[in-house]
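User: I would like a close look at a single part of this model, followed outward into the rest of the chain. Please take one residue and its surroundings as the starting point, and then turn to the packing of the interior.

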Amino acid sequence: MRENATTHTGACKALVWQRTNLDKKHLDWVADEVPVSLVYNSISHVVMMTTPKDLEAFAIGFSLSEGIINTPREIFGLDVVPNHHGIKIHIELSSRRFMALKERRRTLAGRTGCGICGIEKIEQISQSVQPLLFTQKFDLEMLDRGLSQLNTFQPIGQQTGCTHATAWMCSDGELAGGCEDVGRHVALDKLLGYRSCADWGNGAVLVSSRASYEIVQKSARCGVEIVFAVSAATCLAVDMAERCNLTLVGFSKPGRATVYTHPQRLR
């Protein structure tokens, strides 16, 4: 049984039983997950399952990482509207961007574990990403500093054990900002949304999850040159990172890192 849903914090209370005592129930925290519909110029485009937190940043980041817009300035209005079914985010695009969206529009039902569920054609998986320039450097000695701060941006995860975290790691290892969500791709979109409106300077994306193909694609589309993942990378993620000139690092743990592509950005 679920009680006291608190969508402002992204967590709610539920009645649970423990293995050691199935005769007694008690309240525990669980992460909230709701359907969020992104509606562009009054046309519903996608429904994603997300933690209901940082939703404006999510809408901006998703729009950027999916190539719907090139800059937040192409969004003329953004309104988050909860209802009894979930949450709708109404986004008003420039006419040029909306026409381009209609040309390549896809209908997809987003899911926590897979960012491409529901695309119409398999060819859409390999949508082109412009090769990145080599303008960034990162000293691996600073990685441990960033890793030690990642939990700071995961309060729901600390309560529930149920979220992924993403953060922007500056060149000195300090984390300029971070986000969390039940879906790793959504957490990244939220971070990319905040980054597009902030002056965080040079640095890299740090994710608490594995590095999937879509983590690489979304990052590269937003001009991110370096991605650190706490877990492993998939083969498709490595292939895409190689092609788009992104430096991809997995198994990012204290004193450890596995560099999959383009090590020339790392010291």
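Analyst: Leaving out neighbours within four places in sequence, Thr-160 is in contact with Ala-11, Trp-29, Val-30 and Ala-31; this, like everything that follows, is read from a predicted model. Thr-160 belongs to helix 4, which spans residues 155–160, and its side chain takes part in polar contacts with two other residues. On one side, the side chain of Thr-160 reaches the backbone oxygen of Ile-156 at 2.8 Å, while a polar atom of that side chain also lies 3.2 Å from the backbone nitrogen of Cys-162.

Turning from this site to the interior, the largest nonpolar core holds 50 residues, and those touching the most other members are Leu-38, Tyr-40, Phe-58, Ile-89, Leu-93, Leu-246 and Leu-248. The element that gives the most to this core is helix 1, residues 55–65, with six residues. A second core, separate from the largest one, has 15 residues, among them Phe-138, Ala-165, Ala-167 and Leu-206.

Helix 1 deserves a closer description, since 10 of its 11 residues are buried. The buried positions are Leu-55, Ala-57, Phe-58, Ala-59, Ile-60, Gly-61, Phe-62, Ser-63, Leu-64 and Ser-65. The cover over these buried residues includes strand 4 (34–40), strand 5 (43–50), strand 6 (75–83) and strand 7 (86–93), together with helix 5 (184–196) and helix 6 (213–221). Phe-58 shows part of this arrangement at the level of single residues: apart from residues up to four places away in sequence, Phe-58 touches Val-36, Leu-38, Met-48, Thr-50, Ile-89, Val-186, Asp-189 and Lys-190. Two of these partners, Leu-38 and Ile-89, are also listed with Phe-58 among the core residues that touch the most other members. Just after helix 1, Gly-67 adopts a positive phi of about 75°.

For the setting as a whole, the protein chain contains seven helices and 14 strands, and buried residues account for 50% of its 267 residues. Among contacts in the chain with a separation of 6 or more, 53% join residues 24 or more positions apart. The accessible surface of the protein chain comes to about 12800 Å², and carbon and sulfur atoms contribute 52% of that area.

Notes:
Residues numbered from 1 in each chain as written. Predicted model: local features only at pLDDT ≥ 70, side-chain atom pairs only at ≥ 80, totals over all residues. Heavy atoms only, no water. Helix = DSSP H or I, 4+ residues; strand = E, 2+ residues; numbered from the N terminus. Buried < 20%, exposed > 50% of the residue type's maximum accessible area, 1.4 Å probe, protein only. Contact = heavy atoms within 4.5 Å. Areas by Shrake-Rupley, 256 points an atom, 1.4 Å probe, with all protein chains shown as cover. Core = buried A, V, L, I, M, F, W, Y, C linked by side-chain atoms within 4.5 Å. Polar contact = N/O pair within 3.5 Å; in protein donor to acceptor, adjacent residues only side chain to side chain.
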